[in-house]
Amino acid sequence: MARVSLVDVTRRFGGVTAVDGVSLEVQEGEFLTLLGPSGCGKTTTLRMVAGFLSPSRGRVLIDGEDVTHLPARRRNIGMVFQDYALFPHLTVAENIGFGLRERRVPVARLVARVAELLTLVRLPGLEHRYPAELSGGQQQRVALARALAHTPRVLLMDEPLGALDLKLREAMQIELAQLQRALEITTIYVTHDQEEAMTLSDRIAVMADGKIIQVGAPDEVYGRPVSPVVASFVGKINLLEGIVRESHGIACLIDVGEEHPIATSSVAPLAAGQPVVVSLRPEDLVIGLAADGPRGQGLAGVVERRRYLGNVCHYFVKTPAGRVLLVETPGQQDVAKVGDAVWVRWSAEAPRVFPAGL
């Protein structure tokens, strides 16, 4: 296990700043995911940890050792790429043992290590096959075994499940999490898939525009996002722009341009007249027919669309002001039909309020 530290790391490509002043501590044995949309700087950050790119400014440390200018081959890091990068002309065993042969490991030790890794990734008996003879999931396991062959201090993974179909991807997420915890290897994982990040990670670092916006455990990032950017990227969300009508400490009344204002509390005191953004998670909303009457705080609307997904059902409700709210209910509940006038309500604790411009 090893600790990884990024200290004010910046990377520029000409006039473009891909990573902008990133500082991050990855603890020993931790599974940390860099999460964000394409172009946010997460892969560039990973490649600087690996040694494939050098920072324009800042430092990279592993267990306190400054490796900023150390070549990749001397960092003792394992890397799994998005396309796996397996050698098509080598067998499974030869791919896994490639790095060991480069390090001139004695043949007996090499053979024993390859056999050990084949068992670890559940591929015994396939050592003589070539990559083209394997499924996507099997290729991914070979790439992982090859990255682990030389017992690296840190494992880096760049969207390794992106090419797999949904069911296989979900199965491999569970396998990866179990394997990482069994090996207790410090892991930095890159993905744009929020569900993957939530499933795998001890902590998630959400990135946008080359910066880290928030770092925290999955439930913290999901339940207590620090900005609308994080709230909208991690999970489904309804964002309502508004103005603070009244404020009493952290208790406030927010006008969102609908018939009824939203009463809630904020993390910090807000001023009357201040522009804000209110976020509401779809699963925190409750939908009922308007004919039954308003029940608690909420907004009126009409069901524009209903989407049944098996375990959940999505209702898209258009309000008088023209905004569309997403409401998520259990799949077995059929509470409204398209065209029905409804009332969407929530508890006072459900809204999260951010100052506009965060």
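Trainee: How much space lies in the second largest pocket?

Mentor: This is a predicted model in which local features need pLDDT of at least 70 and side-chain atom pairs count only at pLDDT 80 or more, whereas totals for chains, interfaces and linings use all residues. Residues are numbered from 1 along each chain as its sequence is written, and side-chain values use heavy atoms, with hydrogens and water left out. On a 1 Å grid over the protein atoms alone, a pocket is an open set of points with protein on both sides within 12 Å along at least five of seven lines, and lining residues have an atom within 4 Å of a point. The space in the second largest pocket, taken as that filled by probe spheres set on points joined across faces, edges and corners, is about 280 Å³.

Trainee: Which element gives the most to the lining of the second largest pocket?

Mentor: The lining of this pocket has 13 residues, and those nearest its centre are Glu 195, Lys 236, Val 312, His 314 and Glu 328. At least two lining residues come from each of strand 17 (312–318) and helix 6 (194–200), where helices (H or I, at least four residues) and strands (E, at least two) are DSSP runs numbered from the N terminus. With 3 residues, the element that gives the most is helix 6.

Trainee: Which elements give two or more residues to the lining of the largest pocket?

Mentor: The largest pocket holds about 530 Å³ of space. Its lining comprises 18 residues, and Phe 52, Ile 77, Met 79, Arg 103 and His 150 lie nearest its centre. The elements that give two or more residues to this lining are strand 6 (77–80), helix 2 and helix 4.

Trainee: Which element supplies the largest share of the largest nonpolar core?

Mentor: A nonpolar core joins buried Ala, Val, Leu, Ile, Met, Phe, Trp, Tyr and Cys residues through side-chain atoms within 4.5 Å. In the largest one, of 34 residues, Ile 96, Leu 144 and Leu 155 touch the most other members. Helix 2 (92–102), helix 3 (107–120), helix 4 (136–148), strand 7 (154–158) and helix 5 (166–183) each contribute at least two residues. The largest share, 6 residues, comes from helix 4.

Trainee: Which residues is Leu 144 in contact with, leaving aside its neighbours within four places in sequence?

Mentor: Leu 144 is one of the three members that touch the most others in the largest core. Beyond the sequence neighbours set aside, its contacts (heavy atoms within 4.5 Å) are with Val 80, Leu 155, Met 157, Leu 176 and Leu 179.

Trainee: Which element gives the most to the lining of the largest cavity?

Mentor: The whole structure has 1 cavity of 30 Å³ or more, a cavity being a set of points where a 1.4 Å probe fits but cannot get out. The largest cavity has a volume of about 60 Å³, and among the residues lining it are Phe 31, Leu 144, Leu 155, Met 157, Gln 180 and Thr 187. Helix 4, strand 7 and helix 5 are the elements that give two or more lining residues. The most, 4 residues, come from helix 5.

Trainee: How many salt bridges does a search of the whole structure find?

Mentor: Side chains of opposite charge can pair when their charged atoms come close. The criterion is a side-chain nitrogen of Lys or Arg within 4 Å of a carboxyl oxygen of Asp or Glu. The number found is 15.

Trainee: Is Glu 30, which forms a salt bridge with Arg 203, buried or exposed?

Mentor: The closest N and O atoms of Arg 203 and Glu 30 are 2.4 Å apart. Because Arg 203 lies in strand 9 (residues 203–208) and Glu 30 in the loop between strand 2 and strand 3 (31–35), the pair ties together parts 173 residues apart in sequence. Buried means under 20% relative accessible area, exposed over 50% and partly exposed in between (1.4 Å probe, protein chains only). Arg 203, at 23%, is partly exposed, whereas Glu 30, at 7%, is buried.

Trainee: Which residues are linked with Arg 122 in a network of salt bridges?

Mentor: Arg 122 and Glu 175 meet in a salt bridge of 2.0 Å, N to O. Glu 175 lies in helix 5 and Arg 122 in the loop between helix 3 and helix 4, so the pair ties together parts 53 residues apart in sequence. Both are partly exposed, Glu 175 at 21% and Arg 122 at 48% relative accessibility. The network links Arg 122 with Arg 141 and Glu 175.
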